[in-house]
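Colleague: I'd like a close look at one helix in this model and at whatever packs around it. Could you walk me through that part?

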Amino acid sequence: MVLTFYYDLLSQPCRAVYIFMKMNNIPFETKTINLLRGENSSEEFRKVSCIGRLPVIDDGGFILTECVAILKYLAVKHNVPDHWYPRTDLKAQARIDEYMNYQHISTRTNMAMLFQNLAIIPKTMSRPVDRKKVERFRNGVELAISHIDKYFLKDSRPYFAGDNISLADLVGICEMMQLYACCEERIIESNPNVKAWLERVKPNLAPYFDEASVRVWKLRENFIKTAPNHPKL
């Protein structure tokens, strides 16, 4: 039975799972859940997952939520190339787990909330930009980028877990694309080490990174139309 993937490519964790399955030729069928329309809160979707968040997979009746859990499960089940999530190199595996645990309350929280407070909430709720919230989350993003630079990429480490791309890099780059959607990429591009990492990761995910990011660039186009309301534009 083919795995069913509930997703919306507006969601950065959904993009990570989508890219990973495509990169590793994992067969799946899709069911799009439109987040902006609130379909994740519908009665129909709640029958699949009462949590109401994306992504979700249904693997022959085994329902699994949360991007990190899904990625690890698929990596082991489908015996993907070891660099994604090493099964024999305990230290490399620990480095991957370290970043993926760190990012939940740092990279992900701050980048997602900066994006939402600039590009989503003002539009969907007809509210002015809350500049205090924007500044708080922008500061959080800057701190996360500093941590990535000084810790996760220290000692000229090319990728988060060492010499090869891993699940940690995949999750990281998908989160960072939210900054491009709301014209905040200068936070990344002002850090040469993190910018160089970003440029190393992208070609390793071709062609599916660009395919999954189409929605990001459309959001950016729409956001630029409201650029005069951007606190720093």
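Modeller: Here is a tour of one helix, α6, followed by its surroundings. This is a predicted model, so local features need pLDDT of at least 70 and side-chain atom pairs count only at pLDDT 80 or more, while totals for chains, interfaces and linings use all residues. Residues are numbered from 1 along each chain as its sequence is written, and side-chain values use heavy atoms, with hydrogens and water left out.

Let's start with α6 itself, which runs over residues 131-152. Helices here are DSSP runs of H or I with at least four residues, strands are runs of E with at least two, and both are numbered from the N terminus. With its 22 residues, α6 reaches 30 Å from first C-alpha to last, close to the 32 Å expected at 1.5 Å a residue (the expected span is 1.5 Å times one less than the number of residues). D130 caps the N-terminal end, with a side-chain oxygen 3.2 Å from the backbone nitrogen of K132.

Now for its two sides. V134, F137, R138, G140, V141, A144, I145, I148 and F152 are buried, where buried means under 20% relative accessible area, exposed over 50% and partly exposed in between, with a 1.4 Å probe and protein chains only. Those buried residues sit on the same side of α6 because they cover an arc of only 160° around the axis, the arc being that of the directions from the helix axis to the C-beta atoms. On the other side of α6, R131, K132 and K150 are exposed.

What does the buried side pack against? The partners are α4 (90-102), α5 (107-124), α7, α8 (186-189) and α9 (192-204), with contact meaning heavy atoms within 4.5 Å.

Between two of those partners, α8 and α9, there is a loop that holds N191. N191 is buried, at 12% relative accessible area, and touches I145 and D149, not counting residues up to four places away in sequence. The side chain of N191 also reaches the backbone nitrogen of V194 at 3.1 Å. That is a polar contact: a pair of N or O atoms within 3.5 Å where, within protein, one must be able to donate a hydrogen and the other to accept it, and residues adjacent in sequence count only if both atoms are side-chain atoms.

Another partner, α7, carries Y180, which counts as buried at 6% relative accessibility. The side chain of Y180 makes a polar contact with the side chain of E189 at 3.0 Å. Leaving out residues up to four places away in sequence, Y180 touches E185, I188, E189, L198, W217 and R220. Along the chain Y180 and R220 are 40 residues apart, yet their C-alpha atoms are separated by 6.8 Å.

Stepping back to the core, the largest nonpolar one has 78 residues, and F5, F20, L74, L170, M176, W197 and L205 touch the most other members. Such a core is a set of buried Ala, Val, Leu, Ile, Met, Phe, Trp, Tyr and Cys residues joined through side-chain atoms within 4.5 Å. Helix α7 (residues 167-181) supplies the largest share of this core, 11 residues. One of the α7 residues to look at is L170, in contact with A16, I19, F20, L71, W84 and L205 once neighbours within four places in sequence are left aside.
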